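Visitor: I am new to this structure. Please walk me through it, one question at a time.

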Amino acid sequence: MSIQKGQLLEVDISDVAYGGKGVVHIEGFAVFVDQAVPGDRVRIAITRKKKNYAEARVVSLLQPSTDRVSAPCPHSGVCGGCKWQFLDYDRQLAYKRQHVAESLAHIGLIKEATVHPTLPSELCFGYRNKVEFTCSDSRWRLPEEMENHDVSSCFALGFHVPGVFHKVLDIASCLLQPDMGNRILGDVRRYIQSSELPMYCPRTHKGFWRFVMLRHSVAHDHWMVNIITAAENRRAVQPLADLLNNNYPQIISVVNNITAKKAAISAGESEIQLFGSAHLTDRICGFEFDISANSFFQTNSRGAETLYRTVMAYAGLTGNETVFDLYCGTGTIAICLSKAARRVIGFEIVDAAVSNAEKNCLKNGISNCAFYRGDIKDRLSEALHKPDVMIIDPPRDGMHKSVVQQVLNMLPERIVYVSCNPATLARDLGLMKDAYQVIEVQPVDMFPHTFHIESVARLQKR
Ligand SMILES: C[S@@+](CC[C@H](N)C(=O)[O-])C[C@H]1O[C@@H](n2cnc3c(N)ncnc32)[C@H](O)[C@@H]1O
């Protein structure tokens with residue numbers, strides 16, 4: 001059968017692909033179906049036809065899979081934030097493990113490693129400690145809003161609709177953040193709506209209000225509100241900070257990041273402290289970390305603790321080891337390992353992250369950690385010590401080939417590889433497999449209702 005764009009078909013979904021789409025094979029030809037899961041019988045419309053595969057959307061759900069549950073969020077199905085809310089959580093965990101195992105086998109040609117069942121997130125909702133809402137003058141209108149003239153199409157505070165860069169879905173509440181975040185968001189929305197100043201337009205790059213970022217410290221139940229604007233206008237933003245200060249004793253910080261850059265990035269060229277502190281403090285594995293508006297910090301604090309405890313177990317430290325922490329960010333892993341190692345040496349490219357790492361060591365009374373600033377591929381060879389154990393936690397793209405080569409030259413006894421991308425994890429472990437045996441891999445779920453998965457791999461020198 002030849003598949004054509006626009007064609008309607010009735011199919012049974014048999015599998016799930018990385019990215020969370022359902023899969024059906026039609027005479028050996030793979031069709032990826034958005035918002036479908038194995039066990040569904042669906043009528044689909046082909047939206048895109050490529051040489052080796054096609055994409056489709058669900059037109060109607062004829063027989064739902066027994067794995068389906070009702071999605072609690074009213075925005076589910078439209079919002080691109082968490083596309084798996086309708087899938088039973090245990091199935092989500094099983095599919096995530098399957099993606100990790102299949103990537104290792106097919107991309108890295110690693111078949112002997114044990115891939116453990118995914119460790120679940122302690123919280124399935126309300127787990128995010130940071131959520132960023134986009135301000136837009138172009139609202140994605142829902143079918144039920146089309147005829148409602150009370151709904152302005154020039155105002156939206158929420159998330160982008162997948163595939164539509166300039167339109168934003170107005171979000172009344174996001175279930176991934178703790179409930180207080182939604183109350184704060186409501187107050188911020190009312191204030192911005194009643195202000196005289198316009199929402200930002202991503203096409204013309206005009207407008208004032210750009211983003212609203214909410215951060216939560218789980219350990220102390222404190223909040224930070226970061227208002228991102230296109231220009232400095234203290235008269236416009238200070239009353240909002242005062243209002244939040246009056247209404248919420250839990251808000252200990254309100255800052256205003258200002259950015260004239262066209263890129264949709266919330267980190268400002270400058271920051272004004274409108275109220276309280278410039279940072280929040282959260283706790284992981286018993287250590288305190290200061291987090292400022294633009295610092296990187298794992299977005300699921302309890303999930304991070306599970307992840308780091310797995311790293312600690314796999315590092316197998318006795319107190320005598322020199323540990324290298326590659327891609328160390330703000331030093332959270334280095335600090336968590338510091339008490340069990342002789343020394344930990346971190347490598348990180350972002351200057352501010354290294355400064356945070358050094359401050360976090362001071363804050364926690366830790367003196368056996370040191371950090372190298374700069375690109376790992378240039379700095380790794382400058383280290384004075386030889387590593388016994390290496391922790392490698394690269395960004396989604398994985399390791400640069402020359403870094404892999406340098407690691408193989410240093411040949412530490414053990415490597416613990418932390419990854420947020422099963423494909424690059426598998427590729428990099430594949431490059432190291434002649435020198436290292438992959439003993440076990442632990443998937444850790446930090447992002448329920450999304451297809452994202454973190455993994456920790458334990459490698460032993462052969
Ligand atoms: C996934 S984060 C890991 C952060 C940290 N391990 C943690 O758990 O919080 C990856 C880090 O690698 C850093 N990075 C990316 N490319 C780099 C490079 N070429 N050299 C050094 N660091 C790099 C990023 O700035 C980021 O902090």
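The questions below go from domains to strands, core and ligand.

Visitor: Into which domains is the protein chain divided?
Guide: This is a predicted model. One domain is built from two stretches, 90–123 and 300–461, and that is domain 2. The other two are domain 1 (1–66) and domain 3 (130–284).

Visitor: What distance separates the centres of domain 2 and domain 3?
Guide: The centres are taken over C-alpha atoms. On that basis, domain 2 and domain 3 are separated by 33 Å.

Visitor: What is the strand order in the open sheet of six strands?
Guide: The pairing in this sheet is mixed. Strands β1 (8–12) and β2 (15–16) stand at the edges, each with a single partner strand, so one side of each has no neighbour in the sheet. The order is β1-β5-β6-β4-β3-β2.

Visitor: Which residue in β3 is the bridge partner of D15?
Guide: Strand β2 pairs with β3 (residues 22–26). The sense is antiparallel, over two bridges. In β3, D15 has as its bridge partner V23.

Visitor: Is N245 buried, exposed or partly exposed?
Guide: N245 sits in helix α3 (residues 234–247). A residue needs 20 or more C-beta neighbours within 10 Å to be buried, and 12 or fewer to be exposed. N245 has 16 inside 10 Å, so it counts as partly exposed.

Visitor: Which residues does N245 touch, not counting residues up to four places away in sequence?
Guide: G80 is 165 residues from N245 in sequence and 32 Å from it in space, C-alpha to C-alpha. The residues that N245 touches, with those up to four places away in sequence left out, are I251, V254 and F275.

Visitor: Which side chains of β16 point to the face where they are buried?
Guide: In a regular strand the side chains alternate between the two faces of the sheet. Strand β16 (residues 287–292) shows this alternation. E288, D290 and S292 point to one face and are not buried. Pointing to the other face, and buried, are F287, F289 and I291.

Visitor: Which residue takes a positive phi in the hairpin of β15 and β16?
Guide: Strand β15 (residues 279–284) pairs with β16 in the antiparallel sense, over six bridges. H279 stands opposite S292 of β16. Two residues lie between the strands, and the one with a positive phi near 50 degrees is C285.

Visitor: How many bridges join β22 to β23?
Guide: Strand β22 (residues 436–444) also pairs with β7 (residues 114–115), in the parallel sense over two bridges. There, V115 has V441 as its bridge partner. With β23 (residues 454–461) the run is antiparallel, and V438 is matched by L459. The number of bridges joining β22 to β23 is eight.

Visitor: Which residues have the most contacts inside the largest nonpolar core?
Guide: This core has 125 residues. Its largest share, six residues, comes from helix α4 (residues 301–315). Among the residues that I391 touches are V311, A315 and V323. The most contacts inside the core belong to V311 and I391.

Visitor: Which residues come nearest to the ligand?
Guide: There are 18 residues around the ligand. Two elements give two or more residues to this shell: α5 (332–338) and β18 (343–348). By class, the shell has eleven nonpolar, four polar and three charged residues. Those that come nearest are Y327, G329, I349, I376 and D393.

Methods: Residues are numbered from 1 along each chain as its sequence is written. This is a predicted model: local features need pLDDT of at least 70, side-chain atom pairs count only at pLDDT 80 or more; totals for chains, interfaces and linings use all residues. A residue is near a molecule or strand if its C-beta atom, placed from the backbone, lies within 6 Å of it. Helices (H or I, at least four residues) and strands (E, at least two) are DSSP runs, numbered from the N terminus. Ala, Val, Leu, Ile, Met, Phe, Trp, Tyr, Cys and Pro count as nonpolar, Asp, Glu, Lys and Arg as charged, and the others, Gly among them, as polar. Domain bounds come from an automatic or database domain assignment. Two residues are in contact if their C-beta atoms, placed from the backbone, lie within 7 Å. Two strands pair if DSSP finds at least two bridges between them. A nonpolar core is a set of buried Ala, Val, Leu, Ile, Met, Phe, Trp, Tyr and Cys residues joined through C-beta atoms within 7 Å.
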